[in-house]
Amino acid sequence: MALPESFLQELIAKNDIESVVSGYVSLKRRGRNLVGLCPFHGEKTASFNLYPETSSFYCFGCQAGGDVITFIKRIENLDYMDAVRFLADRSGMKLPEYTKENDASSRLRMRILEANREAARLYHQALYSPEGKVALDYFHRRGYTDATIKHFGLGFAPPGWDFLLNGLTAKGFHREELIAAFLAAKGRNGGAYDVFRNRVIIPIIDIRGNVVGFGGRVLDDTKPKYINTENTLAYVKSRNLFALNFAKNAGRELNLCEGYMDVIAMHQAGFTNTVAALGTAFPDEQIQLIARYADRINLIFDADGAGQKATRKAIDSLRKTGLDVRVVTIPDGKDPDEYIKKNGAEAFKLLLERSANAIEYRLLEIGRKNDIHSPNGKVEYMKEATALLSRLNNRVEQDVYAGRLSELLGVSKDAILQEIQSHQRRQNRAAERQMLTTILRQETKELRMVNPQANTFPRAAAAEESLLGTLILHPDYIAQAQKELPSEMFLTDFNRELYGRLLKRHSHGLMVELAFLAADYDELGMAYISRMVKDAKDRIAEDITVYTAIIREEHALKGMADPAGASDESIQKMLETLRARKQ
């Protein structure tokens, strides 16, 4: 599928990468480029780089990279055509009509969203049918009003195997579309059946108002307690937060709970800034999504072991973004729903106001483990507490907490600060080693996934990448490269295909910038190409000759791995190349 070049040129002109990315990332100028904290992984030190001159971005921490369309694809969880639509809508442009018929993936995604919307309606209607009385009674027993039920679009999936299948096929949806939406599943006999049966239904709605998935809870003690929509073309769990569609307009403070039911109860009680994380893994995408909509986050998890573990994990992840992280401890281990029912919304509001910040919470945890009245306990407490405080970037915070520790333990403040600094030096050294290891491992992984042959032909691949990056940055060099190097000389398939694409586009008078390649490569491919461009700055025409010579040389030496199987002519060429190298 191809969009008109004129349309893409106008789209890119009206959506310059700096203005688009700055809506998601706080950027600071560093020379000709801009830097910020990466929106695709948690980090304290900015490794996300924006290059206005090349209209590209690249993260040295997670190796994400590409153009403005790639950025929107990734951050908004869209495919290529939907990212183009997003940018077109942003700039008041109309998408060429014919493209809507050409993109099968985009069409299927739209059909999944339409099926989800219709499914939500059918589930909601079923809730208020005679068969749904048991589910409606369940919601009412939980204290939900009909207004709340309507607000969240709650529903009921009857016990039969084909309630939704029959309802949606009657509306023109095909079985394969419903399976792709995780509304139906394939049966052993080749048929299909409803995924959600005899469960109350909670629709999951994204920030644009689309029904992207569902959570289904049993009405008794049957296992599994919940069934949740798996990843589809329209839904990726790690990139969504339950009820963010409502909470995003409630201010810059969010409450984060464990599950749907707590969120619904808190919204009904007036805490409309509450969301759930759709799991306790806290991937980077969810962390960055929270950071986009909040400056302060209140963690409200269960008091059991799993809840406390999730709290610690969330603290470590969220603090990397610079958020003010608070922990709300509910008395007697109750969940928010229970506490609000018993004590009222005003009492819960006091809990929020009196919540401990993340450091205070962790210090309390350390205090519960160690008896500070015994010498050994005091030493262990100080060791863990100073290690915790060493992770604070703010020296003023460190000083304040060091003063508190000094009073509590009867140890001089200077000694505590020295211990904190000692921990910090060790952590910085370890972090630098880890960062280097991670970057090298990720870059190697990226090479293996996108261009695995680069490991077999490292010298040739390096020259190919340098040449390709230079040609994308300086298309006027393409004619020279084409004279000096036929595409069959490339040793790696990915680079050979890209080179051929550049030559073809140039011969037809088409643009070869990153944004004009985004339709043909996935996120990893675009990150790989973006790195080529990033490394190709300030190249000159003479460099083209150097790179083409290396590629020709490496091509001539390709048979060195198996000289016995090479022809006499090939062996002669190899020997000539080796002699030329020595000279």
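Select strand E14 (residues 296-300) and strand E15 (residues 324-327): four bridges join them, and they run parallel. Strands and helices here are DSSP runs, a strand (E) having at least two residues and a helix (H or I) at least four, numbered from the N terminus. Within this pair, show Ile-297, whose bridge partner in E15 is Val-325.

This is a predicted model, in which local features need pLDDT of at least 70 and side-chain atom pairs count only at pLDDT 80 or more, while totals for chains, interfaces and linings use all residues. Residues are numbered from 1 along each chain as its sequence is written, and side-chain values use heavy atoms, with hydrogens and water left out.

**The five-stranded sheet**

Widen the selection to the sheet that holds E14 and E15. Its five strands are in the order E13-E12-E14-E15-E16; the sheet is open and the pairing is mixed. At the edges are strand E13 (274-276) and strand E16 (356-357), each of which pairs on one side only. Two strands are said to pair if DSSP finds at least two bridges between them.

Next, select strand E12 (residues 253-257). Four of its five residues are buried, so the strand is mostly covered, where buried means under 20% relative accessible area, exposed over 50% and partly exposed in between, with a 1.4 Å probe and protein chains only. E12 pairs with E14 in the parallel sense over five bridges. Show Leu-256 to see one of the positions: its bridge partner in E14 is Leu-299. E12 is also joined to E13, by three bridges, and these two run parallel. There, Asn-255 stands opposite Thr-274 in E13.

**The four-stranded sheet**

Now move to an open sheet of four strands, with the order E6-E9-E10-E11 and antiparallel pairing. Strand E6 (155-157) and E11 are its edge strands, each pairing on one side only. From one strand to the next, the twist averages 30°; angles run from 0 to 180 degrees between N-to-C directions, and axes are lines fitted to C-alpha atoms, for helices over the stretch in contact.

Select strand E10 (residues 211-218) together with E11: three bridges join the two, which run antiparallel. Arg-217 has Tyr-226 as its bridge partner in E11. Then add helix H11, which packs on the sheet and touches E9, E10 and E11; its direction makes about 75° with that of E9. Contact means heavy atoms within 4.5 Å.

How many of the nine residues of H11 are buried? Eight are, so the helix is mostly covered. They are Tyr-260, Met-261, Asp-262, Val-263, Ile-264, Ala-265, Met-266 and His-267. Just after H11, look at Gly-270, which takes a positive phi of about 105°.

**The second largest pocket**

Keep Tyr-226 and H11 in view and turn to the second largest pocket, with a volume of about 580 Å³. It is lined by 21 residues, and those closest to its centre are Tyr-226, Glu-258, Gly-259, Tyr-260 and Met-261. At least two lining residues come from each of strand E11 (226-228), helix H11 (260-268) and helix H14 (336-343). By class, 11 lining residues are charged, six nonpolar and four polar.

Rolling a probe the size of a water molecule over the atoms shows where empty space is left. On a 1 Å grid over the protein atoms alone, a cavity is a set of points where a 1.4 Å probe fits but cannot get out; a pocket is an open set with protein on both sides within 12 Å along at least five of seven lines, and lining residues have an atom within 4 Å of a point. Grid points are joined across faces, edges and corners, and a volume is the space filled by probe spheres set on the points.

**The two cavities**

There are two cavities of 30 Å³ or more. For the second largest, of about 40 Å³, select Phe-152, Pro-203, Ile-204, Ile-205, Phe-242, Ala-243, Asn-245 and Phe-246. Strand E9 (199-205) gives three residues, the largest share of this lining. Seven of the lining residues are nonpolar, one is polar and none is charged.

Pick out Asn-245, which lies in helix H10. Is Asn-245 buried or exposed? Asn-245 counts as buried because its relative accessibility is 15%. Beyond its neighbours within four places in sequence, Asn-245 is in contact with Ile-205, Asp-206 and Ile-207.

Last, go to the largest cavity, which has about 70 Å³ of space. Its lining is Ile-12, Asn-15, Asp-16, Ile-17, Thr-54, Ser-55, Asp-67, Val-68, Glu-513, Leu-514 and Ala-515. Five of these are nonpolar, three polar and three charged; Ala, Val, Leu, Ile, Met, Phe, Trp, Tyr, Cys and Pro count as nonpolar, Asp, Glu, Lys and Arg as charged, and the others, Gly among them, as polar.
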